[in-house]
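Biologist: Could you take one part of this model and go through it closely, in words that a first-year student can follow? I would like to hear about a single helix and what lies around it.

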Amino acid sequence: MHNEDLKDCPFCGCTPYFSGDVSDWQGDGRYVQLTIGCCVSMTESIIWRKARDMSPASREKELRERLTKRWNTRFIDEI
């Protein structure tokens, strides 16, 4: 997933970016995580029981897809 698949930040209008290392275990080896952010951020993670059976590339693909979907979802208040 490339940044062009992402909508601009709803608050500042800048392009968000991904950060994190899905090959690096967090929290004493309990999960891997990836973050997307700009002036606000969102984080998604995969628990170690699932992540240990995945390649780093498949972990990153899944987390980027989940974060992109969440990031691109905008709340619309209809009257």
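Modeller: What follows is a close look at helix H2 and its surroundings in this predicted model.

Helix H2 covers residues 56-72, and because each residue should add 1.5 Å, its 17 residues should span 24 Å, which agrees with the 24 Å between its end C-alpha atoms. The buried residues of this helix are Arg59, Glu62, Leu63, Arg64, Leu67, Thr68, Trp71 and Asn72. To read such a list, it helps to recall that an α-helix has 3.6 residues a turn, so residues three or four places apart point the same way.

What covers these buried residues of H2 includes strand E1 (17-19), strand E2 (31-37) and strand E3 (41-47), and also helix H1 (48-51). The 3 strands form an open sheet in the order E1-E2-E3, with antiparallel pairing, and E1 and E3 are the edge strands, each of which pairs on one side only. Neighbouring strands of this sheet are turned against each other by 20° on average, if direction is ignored. Between E1 and E2, which run antiparallel, there are 3 bridges, and Phe18 stands opposite Ile36 in E2. Helix H2 itself lies across E1, E2 and E3, and it runs at about 140° to E3.

Seen together, then, H2 lies across the three strands, and these strands are among the elements that cover its buried residues.

Methods. Residues are numbered from 1 along each chain as its sequence is written. This is a predicted model: local features need pLDDT of at least 70, side-chain atom pairs count only at pLDDT 80 or more; totals for chains, interfaces and linings use all residues. Side-chain values use heavy atoms; hydrogens and water are left out. Helices (H or I, at least four residues) and strands (E, at least two) are DSSP runs, numbered from the N terminus. The expected span of a helix is 1.5 Å times one less than its number of residues. Buried means under 20% relative accessible area, exposed over 50%, partly exposed in between (1.4 Å probe, protein chains only). Contact means heavy atoms within 4.5 Å. Two strands pair if DSSP finds at least two bridges between them. Axes are lines fitted to C-alpha atoms, for helices over the stretch in contact, and angles run from 0 to 180 degrees between N-to-C directions.
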